[in-house]
Amino acid sequence: MKILVTGYNGQLGFDVVREGEKRGLDMHGIGIDDLDITVEADVANYVENVNPDMVIHCAAYTAVDKAEDDKETCWDVNVNGTRYLAEAAKKCSARFMYISTDYVFDGEGETPFVETNTPNPVGYYGVTKYEGEKIVQNLFDEWFIVRISWVFGMNGNNFIKTMLRLSETREELNVVGDQYGSPTYTYDLARLLIDMIETDKYGVYHASNEGFCTWAEFASEIFEQAGKNVTVNSITTEEYPTRAVRPKNSRMSKQKLIDNGFEPLPNWQDALKHYLNELAQEVK
């Protein structure tokens, strides 16, 4: 199976390609230097030349705050880029997997969102990602849409790396403690995504590591596991204003994965331990 993976320079795309190669699949990872997905003709030509059996679309404009002021670019990448890729994939009869986000939900309540809940994004980034979902659903009869949250991986910046960097100069940090969600380790997620595309169990899925926490709890666990003596003060969203509204409830139910025979991802604390070990090996 020949698989085209966008967003190869990012955290998830990098690990998806790595996982596919481990399994002997013909992986073609591409980044912005290889293809600008906002140029329709270039996308059509590139996909036609590769002629993949599957496209896993990980690339996205993910600067949540910046998106509120740079709406044109955000729309161009997340909506137009998705449309051009999906149309090109359909033309060569490739299957399609679209990586989406918890930000398609409004974050109201405390109950985990299920796949059948109607999206209601409160920020522009979420709006564009939901538009991407609709494009994929409208173009294909069969598709995978996988919503993820709080991503961390080796290739790129993330919350864990930020916390570790801050711990070098700070003994105390204020971290938001009223936004709940699930961290997602791209190493674990990549294995699941490759498992998925080797089936015909299409549909919308929620995928993240097991368990829920707040950002403050996540930070505390990072420091504890990393052996850093940093005090974490839990603060409210209102005490840490940002340009974009963050959903307070990003809990997502992963029961559909289990119902369809997929192995759930490990607990987020275990994923963090694995990640920190990998980071330590990279430093060596």
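Across residues 1-279 of this predicted model, helix accounts for 41% of the chain and strand for 17%, while 31 Å separates the C-alpha atoms at the two ends. The same stretch, residues 1-279, carries the annotation "domain: RmlD-like substrate binding" in an unreviewed UniProt entry.

A good place to start is the sheet. Six strands form an open sheet in the order β2-β1-β3-β4-β5-β10, and their pairing is parallel. At its edges lie β2 (26-30) and β10 (203-206), each of which pairs on one side only. From one strand to the next, the twist averages 15 degrees. Within this arrangement, β4 (residues 95-101) and β5 (residues 144-148) run parallel and are joined by five bridges; Tyr-98, for instance, has Ile-145 in β5 as its bridge partner. Helix α4 (residues 71-91) packs on the sheet, where it touches β1 (2-6), β3 (54-57) and β4, and its direction makes about 165 degrees with that of β4. Helix α5 (residues 124-139) lies across β4, β5 and β10, at about 160 degrees to β4.

Strand β10 also brings us to a residue worth a closer look, His-206. His-206 counts as buried because its relative accessibility is 0%, against a cut-off of under 20%. Its side chain makes a polar contact of 3.1 Å with the side chain of Arg-147, and a polar atom of the His-206 side chain lies 3.3 Å from the backbone oxygen of Ser-253. Leaving aside neighbours within four places in sequence, the residues in contact with His-206 include Phe-105, Phe-113, Val-114 and Glu-115, as well as Met-252, Lys-254 and Leu-257.

Terms used: Residues are numbered from 1 along each chain as its sequence is written. This is a predicted model: local features need pLDDT of at least 70, side-chain atom pairs count only at pLDDT 80 or more; totals for chains, interfaces and linings use all residues. Side-chain values use heavy atoms; hydrogens and water are left out. Two strands pair if DSSP finds at least two bridges between them. Helices (H or I, at least four residues) and strands (E, at least two) are DSSP runs, numbered from the N terminus. Axes are lines fitted to C-alpha atoms, for helices over the stretch in contact, and angles run from 0 to 180 degrees between N-to-C directions. Contact means heavy atoms within 4.5 Å. UniProt positions are given in the numbering used here, feature names are shortened, and annotations may be inferred rather than shown by experiment. Buried means under 20% relative accessible area, exposed over 50%, partly exposed in between (1.4 Å probe, protein chains only). A polar contact is a pair of N or O atoms within 3.5 Å; within protein, one must be able to donate a hydrogen and the other to accept it, and residues adjacent in sequence count only if both atoms are side-chain atoms.
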